[in-house]
Amino acid sequence: MNNIANDIIEVKDLKVYFDMSRGFLEEILAKEKRQVKAVDGIDLNIKKGEIVSLVGESGSGKTTIGKAILHLVEKTGGNIFFKGEEIDPKNNKEMRLFRQKAQMIFQDPYQSLNPRDIIIDIISEPLEVNKLVKTEAEKRERVVRALEWAGLKPAEDYLYRYPHELSGGQRQRVAIAGALVLEPEFIVADEPVSMLDVSIRADILRLMLNQCRQKGTSYLFITHDLSLAWLISDRIATVYLGKIVEIGDARLMVGKSVHPYTKALVSVMPVPKVRKDRKMTILEGETPNPINIPSGCRFHPRCPNVMGKCRESEPELIEIEPGHFAACHLCSPHNINKKGPRS
Ligand code: SF4
């Protein structure tokens with residue numbers, strides 16, 4: 001999965017653990033640190049012009065992976081490469097250049113825009129911070145261009161308005177324009193349409209796709225909705241309790257997924273005939289607490305195919321066919337047939 005030429009992003013064994021605070025006495029008596037293992041050893045690469053989706057339930061660690069790749073949260077371990085170079089988050093110059101090339105679109109357009117600023121000031125802020133424009137005319141031209149890329153036309157109608165004067169869809173387009181104004185090469189889009197009306201979602205997704213295809217921008221698209229990921233991604237990774245449990249080509253992940261967790265997500269997709277052997281699987285229980293990750297396969301308490309071995313040994317992510325990886329004791333290149341793993 002690694003060492004692929006023209007990778008924009010390459011992540012090796014990424015870990016993000018958060019320490020849990022506790023009472024003074026508990027802290028003294030404790031034998032080991034209590035930690036939330038939000039991301040627990042992720043390998044991932046994203047090529048130029050590629051859209052890779054991370055799919056999983058809330059609490060699976062998807063957003064933390066995205067933020068860690070952008071150095072918005074501190075990693076506990078592992079390596080993150082941007083165009084083959086490892087960025088040092090303590091090196092201000094490196095980080096400033098990285099921030100120009102790698103941006104994030106947040107889920108909530110209501111919170112990601114300062115309500116007291118007009119749109120031209122919101123969008124031009126990163127241009128001014130990075131000293132990328134010299135004149136007012138140049139600034140205005142860059143902002144107009146970004147608004148038009150984001151589908152707000154004519155852009156001049158929006159420049160001097162406040163966020164509260166816009167609809168939810170227009171606000172999310174402004175947030176996207178704010179990410180595009182620096183003409184980044186890589187964007188993490190965290191549930192960018194989940195708070196929008198269904199009618200607006202398609203437009204926003206089309207916009208991202210066009211941007212990707214025309215400008216070669218790479219996206220890490222974070223969503224709990226496998227149907228959306230299937231529509232727009234080149235590859236999909238399913239994430240469970242801080243680990244990738246399956247990754248591959250988007251069509252393959254829906255039509256030939258092999259991991260029981262991915263299969264359960266596919267089984268409830270609101271799309272007819274995505275897979276002939278589809279049987280609805282409703283997963284019981286909630287995602288376990290990431291402070292107490294289950295032994296062996298972390299999915300075993302909820303897995304419909306659990307075996308004795310699953311409780312003791314953690315399956316590795318292995319390549320079961322070219323470009324298709326899964327972490328499950330049922331999955332090996334030998335026991336995959338057209339219907340998926342032996343069960
Ligand atoms: Fe289920 Fe076992 Fe595979 Fe884990 S390793 S997904 S528990 S069958």
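Start by selecting Ile123 in this predicted model. Leaving aside residues up to four places away in sequence, Ile123 touches Val143, Ala146, Leu147, Val174, Ala177, Gly178 and Val181. Show those side chains too, and keep them on screen for the next stop.

Now colour two helices: H4, which covers residues 119-129, and H6, which covers residues 168-180. Their axes come within 8 Å of each other and cross at roughly 30°. Angles under 35 degrees count as roughly parallel, so H4 is roughly parallel to H6. Turn the view until one helix lies over the other, and you can look for the right-handed crossing of H4 and H6.

Which residues meet where these helices touch? From H4, pick Ile119, Ile123 and Pro126; from H6, pick Val174, Ala177 and Gly178. Of the residues in this contact, five are nonpolar, one is polar and none is charged.

Next, widen the selection to the surroundings. Ile119, Ile123 and Val174 also appear among the residues with the most contacts inside the largest nonpolar core, along with Leu147, Ile176, Tyr219 and Phe221. That core has 41 residues. To see where they come from, highlight H4, helix H5 (136-149), H6, strand E7 (186-190), helix H7 (198-215), strand E8 (218-223) and helix H8 (226-232): each supplies at least two residues of the core. Which of them gives the most? H6 does, with six residues.

For the last stop, move to another core, which lies apart from this one and has 32 residues. Good places to click include Val52, Leu54, Ile65 and Met104, which are among its members.

Terms used
Residues numbered from 1 in each chain as written. Predicted model: local features only at pLDDT ≥ 70, side-chain atom pairs only at ≥ 80, totals over all residues. Heavy atoms only, no water. Axes fitted to C-alpha atoms, helices over the stretch in contact; angles between N-to-C directions. Helix = DSSP H or I, 4+ residues; strand = E, 2+ residues; numbered from the N terminus. Parallel < 35°, antiparallel > 145°, perpendicular 65-115°, else oblique. Left-handed = near helix turned anticlockwise from the far one by under 90°. Contact = heavy atoms within 4.5 Å. Nonpolar A, V, L, I, M, F, W, Y, C, P; charged D, E, K, R; others polar. Core = buried A, V, L, I, M, F, W, Y, C linked by side-chain atoms within 4.5 Å. Buried < 20%, exposed > 50% of the residue type's maximum accessible area, 1.4 Å probe, protein only.
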